[in-house]
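Here are some worked exercises to try with the model open in your viewer. Have a go at each task before you read its solution.

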Amino acid sequence: MSGSQSKAAPQNNGGSPVKIEMRRVDADDAGMRLDRWFKENFPELGFGRLQKLLRTKQVRVDGKRAESSTRLEQGQEIRIPPLGVELAADDRKNAKPRARKLVDSDREAIEQMMLLEDSHVMVLNKPAGLAVQGGSGLKRHLDGMLDAFINQKGDKPRLVHRLDRETSGILLVAKTRRAAQELTKAFRHRNTRKIYWAMVAGVPKPRQGRISTYLARDEGEERMRVARHGDDEAQHAVSLYNVVEQSGQKLSWISLKPVTGRTHQLRTHAAHIGCPIIGDPKYFNIQNWELPGGIQNKLHLLARRIMIPHPSGNGVIDVSAPLPPHMQQTWNLLGMDLKDYDPDINEPE
């Protein structure tokens with residue numbers, strides 16, 4: 001928990017400040033995303049409301065504009081506006097309950113997702129359709145389900161990165177604060193390797209390439225757009241891709257490596273090169289394109305493999321996830337065989 005710079009501001013019954021408050025980031029919270037910090041410190045503040053406070057610069061870090069993805073550093077000061085009044089007006093009807101009822105099925109469901117576990121980490125195979133974190137109207141999400149693993153000290157496994165709700169595959173969870181710090185550091189310094197698989201419309205040209213754009217949030221929409229350098233909030237995004245196999249000129253299986261980690265980066269980049277991901281409700285942009293028979297209209301994007309230094313300092317975590325059922329069905333229909341895939345040749349470099 002972060003400490004306060006000066007005297008604590010008055011609080012309402014919900015624990016939210018009713019005056020502007022400044023909080024200093026402690027060592028334990030260094031490396032944490034700003035949205036995650038707010039989730040831990042002000043669980044009643046909804047994601048949408050936080051985004052509005054960030055857009056209007058009411059929440060700032062060291063006096064500067066910040067984003068939900070901003071990584072906190074020890075000693076930084078977070079400006080917190082009077083949330084008590086705002087929550088009463090805007091968020092109360094959508095506020096998340098303070099405690100989610102634990103059910104045995106949460107633990108069982110996560111145990112079924114488990115690809116690897118030790119005393120430091122869990123590596124999960126997240127199914128498509130399961131949200132990683134809560135939001136408006138969401139009652140069941142992975143972060144809430146992890147409450148079932150709170151230990152006797154009250155410590156809960158921590159998310160160190162995210163996947164879109166409809167994306168399936170590898171999700172890394174830290175079981176200790178120290179592990180979370182080390183894994184977050186590895187992600188931030190890009191000392192990690194993530195490989196995604198996708199089925200896209202058409203065949204990218206060239207068959208192997210690098211996509212480099214600037215991305216910014218599309219105002220009023222829950223999606224990203226390709227922006228120009230210098231546009232407000234535009235961030236540089238780089239992805240590598242390689243065509244593994246194709247089905248005529250209609251579809252192709254591609255391997256993707258995000259060099260940067262922007263929101264919806266791979267989905268936006270695939271659409272940008274004219275080969276949007278099959279089943280993508282936000283970015284599939286080809287008019288009058290018909291989905292081949294037998295293929296489900298679900299997002300065909302899998303976080304296939306992760307390679308990252310183990311937070312203990314010993315060895316490397318290297319785990320792969322299987323195709324989810326809807327993607328396996330498509331691979332079967334197209335006669336594509338995973339046994340023909342050679343990761344040393346086909347993964348983008």
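## Exercise 1: A helix and what follows

Just after helix H2, Lys 57 has a positive phi of about 65 degrees. Keep in mind as you work that this is a predicted model.

**Task.** Find which residues of helix H2 are buried.

**Solution.**
- Step 1. Locate H2, which covers residues 47-55.
- Step 2. Apply the cut-off: a residue counts as buried when its relative accessible area is under 20%.
- Step 3. The residues of H2 that are buried are Arg 49, Leu 50, Gln 51, Leu 53 and Leu 54.
- Step 4. To read such a list, recall that an α-helix has 3.6 residues a turn, so residues three or four places apart point the same way.

## Exercise 2: The whole chain

**Task.** Work out how many helices and strands the protein chain has, and what percentage of its residues is buried.

**Solution.**
- Step 1. Going through the secondary structure gives nine helices and 16 strands.
- Step 2. Of the 349 residues in the chain, 47% are buried.
- Step 3. You can add a view of the contacts: among those between residues at least 6 apart in sequence, 64% join residues at least 24 apart.

## Exercise 3: Strands side by side

**Task.** Identify the strands that pair with S13, and say whether they run parallel or antiparallel to it.

**Solution.**
- Step 1. Start with S11, residues 208-217, which pairs with S13, residues 235-247, in the antiparallel sense over eight bridges. Here Ile 211 has Ser 239 of S13 as its bridge partner.
- Step 2. Turn to S14, residues 251-258, which is also antiparallel to S13 and joined to it by eight bridges. In this pair, Asn 242 is bridged to Ser 255 of S14.
- Step 3. Look at the link between S13 and S14: they form a hairpin with three residues between them. Within that turn, Gly 248 has a positive phi of about 60 degrees.

## Exercise 4: Two arginines

**Task.** Decide whether Arg 79 is buried or exposed, then do likewise for Arg 158.

**Solution.**
- Step 1. Arg 79 is found in strand S5, residues 77-80. It counts as buried because its relative accessibility is 17%.
- Step 2. Follow the side chain of Arg 79, which reaches the backbone oxygen of Gln 58 at 2.5 Å.
- Step 3. Setting aside neighbours within four places in sequence, Arg 79 is in contact with Ile 20, Glu 21, Met 22, Gln 58, Val 59 and Arg 60.
- Step 4. Move to Arg 158, in strand S8. Its relative accessibility is 11%, so Arg 158 counts as buried.
- Step 5. Not counting residues up to four places away in sequence, Arg 158 touches Val 173, Ala 174, Thr 176, Arg 177 and Ala 180.
- Step 6. Check one distance: the C-alpha atoms of Arg 158 and Asp 143 are 8.0 Å apart, with their positions 15 residues apart along the chain.

## Exercise 5: A proline in a loop

**Task.** Explain why Pro 324 counts as buried, and list its contacts beyond four places in sequence.

**Solution.**
- Step 1. Place Pro 324 in the loop between strand S16 (316-320) and helix H8 (325-334).
- Step 2. Pro 324 counts as buried because its relative accessibility is 10%.
- Step 3. Leaving out neighbours within four places, Pro 324 is in contact with Ser 168 and Leu 302.
- Step 4. Pro 324 and Ser 168 are 156 residues apart in sequence, while their C-alpha atoms are 6.9 Å apart.

## Exercise 6: Empty space inside

**Task.** Find how many cavities of 30 Å³ or more the structure has, and describe what lines them.

**Solution.**
- Step 1. The idea behind the search is that rolling a probe the size of a water molecule over the atoms shows where empty space is left.
- Step 2. Searching the whole structure gives two cavities of 30 Å³ or more.
- Step 3. The largest cavity has a volume of about 240 Å³. Its lining has 19 residues, and Met 32, Arg 33, Arg 36, Leu 159 and Thr 184 lie nearest its centre.
- Step 4. Helix H1, strand S8 and helix H6 each give two or more residues to this lining, with H6 giving the largest share, four residues.
- Step 5. Sorted by class, the lining of the largest cavity has nine charged, five polar and five nonpolar residues.
- Step 6. The second largest cavity has a volume of about 40 Å³. Residues lining it include His 161, Ile 170, Tyr 196 and Arg 304.
- Step 7. Strand S15 gives the most to the lining of the second largest cavity, with four residues.

Definitions and conventions: Residues are numbered from 1 along each chain as its sequence is written. This is a predicted model: local features need pLDDT of at least 70, side-chain atom pairs count only at pLDDT 80 or more; totals for chains, interfaces and linings use all residues. Side-chain values use heavy atoms; hydrogens and water are left out. Two strands pair if DSSP finds at least two bridges between them. Buried means under 20% relative accessible area, exposed over 50%, partly exposed in between (1.4 Å probe, protein chains only). A polar contact is a pair of N or O atoms within 3.5 Å; within protein, one must be able to donate a hydrogen and the other to accept it, and residues adjacent in sequence count only if both atoms are side-chain atoms. Contact means heavy atoms within 4.5 Å. On a 1 Å grid over the protein atoms alone, a cavity is a set of points where a 1.4 Å probe fits but cannot get out, and a pocket is an open set with protein on both sides within 12 Å along at least five of seven lines; lining residues have an atom within 4 Å of a point. Grid points are joined across faces, edges and corners, and a volume is the space filled by probe spheres set on the points. Ala, Val, Leu, Ile, Met, Phe, Trp, Tyr, Cys and Pro count as nonpolar, Asp, Glu, Lys and Arg as charged, and the others, Gly among them, as polar.
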